[in-house]
Amino acid sequence: MAMNLLPEKREQGKQEFAVQVGQHMNRRDFMKGLLAGAAAVPVSAALYYGYEKFHGEPVRAALIGCGDEGGVLVGEHNPEYLRFVAVCDIRPFNRRRIFEGEGRPPRLGLIRKYGSNARKEIEQFTDYQEMLNKRKDIQAVVIAVPLHLHAKIAIDCMRAGKHVLCEKLMAWNVRQCKEMIRTARETDRVLSIGHQRHYSLLYAYASELIRAGTLGKIKHIRALWHRNQTWPVMEVGKDGKLRPKLENGQPVLRDSWRPDIPKEDLADPQLQDPEFLKRHGYQSLEELVRWRLYLRTGGGLMAELGSHQLDACSIFLGKVHPLAVTAVGGKYFFEDDREVEDHVYCIYEFPGPNYYDRDDQGRIVYEQRNGRKVPKVHDPNDVVMVTYSSICTNAFEPYGECVMGTRGTLLVEREQEALFFPEPDPNARNQSAPTTVQVTQSAVNKPATEASASEPRAEALRRGQSVLPNPVSRGYREEMEHFAYCVKMWEDRNVKPEERPWPRCHGEVAMADAIVALTANVAMRRRNGAVSSRIEFQPEWFDPMILDAVPDPDVKEQGPPFE
Ligand SMILES: NC(=O)c1ccc[n+]([C@@H]2O[C@H](COP(=O)([O-])OP(=O)(O)OC[C@H]3O[C@@H](n4cnc5c(N)ncnc54)[C@H](O)[C@@H]3O)[C@@H](O)[C@H]2O)c1
């Protein structure tokens, strides 16, 4: 099944998704009743995710890590909720870029966001410890540094009294995730992790349709993130002709994980000093800039890409933990010094809705087995196979998730579009006429579509389209708004601890995402010859109080020291 659909098929799928949303709007259990009766008003994310418009002063925040993702977070944040008063980065190139931006969304830069005084009003730091010591007024910290430093910096910030929103993957190994959760509890701080799909209305609507049974029984989800990084970077030679750019005699390829080291950073005396680099977590400038390529600093394709999509798959399945994973992968294309795999393929077995015994409230029932508390199995055959692939040699299909049910197929692509294709019922002669879509040629010679539909479907289509988010937010803005709302409520002495709101992707939720990604790495790297290991997920891995129960006990020597 190709995700690369013809335009008319794509349009048909989008319309079907809108029809299904429109048809289900009046169901009492759909979207928590929020949409019941909604006419032409798009549902606000704040209403859907249960936070209010901010009253009073925005949360005073600092950004640690002003690179590509820091730039996106700055571009997407809402200063009415959260206002950056300080930024910290060890690279001069990115300290400049965070102010100047890239001139277009999503990396708008602080000057475009806050006006020309931004440089005066927002203090710049190189060392986050110095920032924590000096700026006691900071309430919250947003962390967007390389993976190996997430735990260390998040824990230091929480111990300094700051609430933390840290980028995904939660941490470099599972033990560090547990340390982060425990620190958040000890210090009574909000800890939110940046898996933004938890705040995407598109994913929320897709999940609601799945919960409402629109897809029938789901036995398979296929997710992928494919890129083609084999094309050479071209440059103009002295003779004015275009030619492939060379580094050490080899062509430089269009690989976003191996970016150029900017001249500004190469000329910086601090970044030439090995002691400075070591103090901030690096063995070289190359490792700092290209951290995704190395095992000591990154977590490979599963941490960077797969974790997002397995997060989405588990959201679709009710945020359940998987049962087992089998994985293959390796460095099959690149011949450079990278340590992480460039191709990966995983098969996860997830529990279906009847796999476990459940009580009247729908909660999983536990039993004692061999002295351990384990979930009680009801139907061992109710399993959902989830496959995930990430490759770097072909980009025919974009990234997305395809959920295949007995009554329909749901596609979510690039976090931007949701499409639905009902399975035709061979027994039903008089099925209600589907929305029909025809292709016409528009003035600019691109295919355009025309749709006609029966009246009830047309009405459902109108209703669905009226509440679908447009433009689609990937969830960053809502994630930061909700985080700020949580901080505000946690700091309000009138709000009892049991009444505090929690981030949707709080520590335990994010640790499960990290376990899902990192266990695939263990399976892939443990493989012997062509045969990979199948690893069963253990319930105690998901318990932050059992520090040593982890899927990756050997993943420590190469990693950062964890104090
Ligand atoms: N949620 C998402 O969709 C998403 C997308 C991309 C990246 N990310 C995550 O964001 C994080 C950053 O990724 P990126 O693409 O921005 O990387 P990047 O290399 O572009 O930026 C990282 C920045 O952190 C700075 N830094 C490193 N060590 C530091 C230290 N000790 N003190 C202060 N600053 C330090 C670097 O100088 C750099 O500017 C990663 O964890 C990544 O997985 C999330």
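This tour proceeds through the structure one selection at a time, stating what is found at each stop.

**The whole chain**

Begin with the entire chain in view, bearing in mind that the model is predicted. There are 563 residues, and 42% of them count as buried. Colouring by secondary structure brings out 17 helices and 22 strands. If contacts are displayed for residues at least 6 apart in sequence, 71% of them join residues at least 24 apart.

**The parallel sheet**

Next, select the strands β1 to β6. These 6 strands form an open sheet, and their order across it is β3-β2-β1-β4-β5-β6, with parallel pairing. The edges are occupied by β3 (123-125) and β6 (191-194), each of which pairs on one side only. From one strand to the next, the twist averages 25°. As a general matter, the strands of a sheet pair through backbone hydrogen bonds, in either a parallel or an antiparallel manner.

Narrow the selection to residues 59-64, which make up strand β1. Is this strand enclosed or open? Strand β1 is largely enclosed by the rest of the structure, because 5 of its 6 residues are buried. Add residues 82-88 to show strand β2, which is joined to β1 by 6 bridges in the parallel sense. Within this pair of strands, Arg60 faces Arg83 of β2.

Move then to residues 140-143 and 163-167, which are strands β4 and β5. They run parallel and are connected by 4 bridges. Here, Ala140 has His163 of β5 opposite it.

**The surroundings of the ligand**

Select the ligand and the 25 residues around it; those that come nearest are Gly65, Gly67, Glu69, Asn94 and Glu167. Which helix gives the most to this shell? Helix α3, covering residues 68-76, does so with 3 residues. Coloured by character, the shell shows 10 nonpolar, 8 polar and 7 charged residues.

**A pair of helices and the loop that follows**

Select residues 150-159 and 174-187 to display helices α8 and α9, whose axes lie 9 Å apart at an angle of about 10°. The two helices are therefore roughly parallel to each other. On the α8 side, the contact is made by Ala151, Ala154, Ile155, Met158 and Arg159. On the α9 side, Gln176, Glu179, Met180, Thr183, Ala184 and Thr187 take part. These contact residues comprise 6 nonpolar, 3 polar and 2 charged. In an α-helix there are 3.6 residues a turn, so residues three or four places apart point the same way.

Continue to Asp188, in the loop between α9 and β6. Its phi is near 60°, a positive value in a residue other than glycine. Asp188 counts as exposed because 12 C-beta neighbours lie inside 10 Å.

**A covered helix**

Residues 201-211 form helix α10, which is mostly covered, with 10 of its 11 residues buried. Among the buried residues are Leu201, Tyr203, Tyr205, Glu208 and Ile210. Just after α10, select Gly213, where phi is positive at about 90°.

**Two cis peptide bonds**

Which residues flank the cis bonds of this stop? One joins Pro105 to Pro106, with omega near 0°. Pro106 is placed in the loop between α4 (92-100) and α5 (110-114). Another cis bond runs from Asn470 to Pro471, again with omega near 0°. For Pro471, look in the loop between α15 (455-467) and α16 (476-491).

**Two further loops**

Select Lys376, which lies in the loop between β15 (372-375) and β16 (383-391). Lys376 counts as partly exposed because it has 13 C-beta neighbours inside 10 Å. Beyond its neighbours within four places in sequence, Lys376 contacts Tyr356, Asp357, Val365, Tyr366 and Glu367. Tyr355 may be added as well: from C-alpha to C-alpha it is 8.7 Å from Lys376, while the two are 21 residues apart in sequence.

The last selection is Arg414, in the loop between β18 (408-413) and β19 (417-422). Although Arg414 is not a glycine, it has a positive phi of about 50°. Is Arg414 buried or exposed? Arg414 is exposed, with 12 other C-beta atoms within 10 Å.

Note on methods:
Residues numbered from 1 in each chain as written. Predicted model: local features only at pLDDT ≥ 70, side-chain atom pairs only at ≥ 80, totals over all residues. Pairing = 2+ DSSP bridges. Axes fitted to C-alpha atoms, helices over the stretch in contact; angles between N-to-C directions. Buried ≥ 20, exposed ≤ 12 C-beta atoms within 10 Å, placed from the backbone. Contact = placed C-beta atoms within 7 Å. Parallel < 35°, antiparallel > 145°, perpendicular 65-115°, else oblique. Nonpolar A, V, L, I, M, F, W, Y, C, P; charged D, E, K, R; others polar. Near = placed C-beta within 6 Å.
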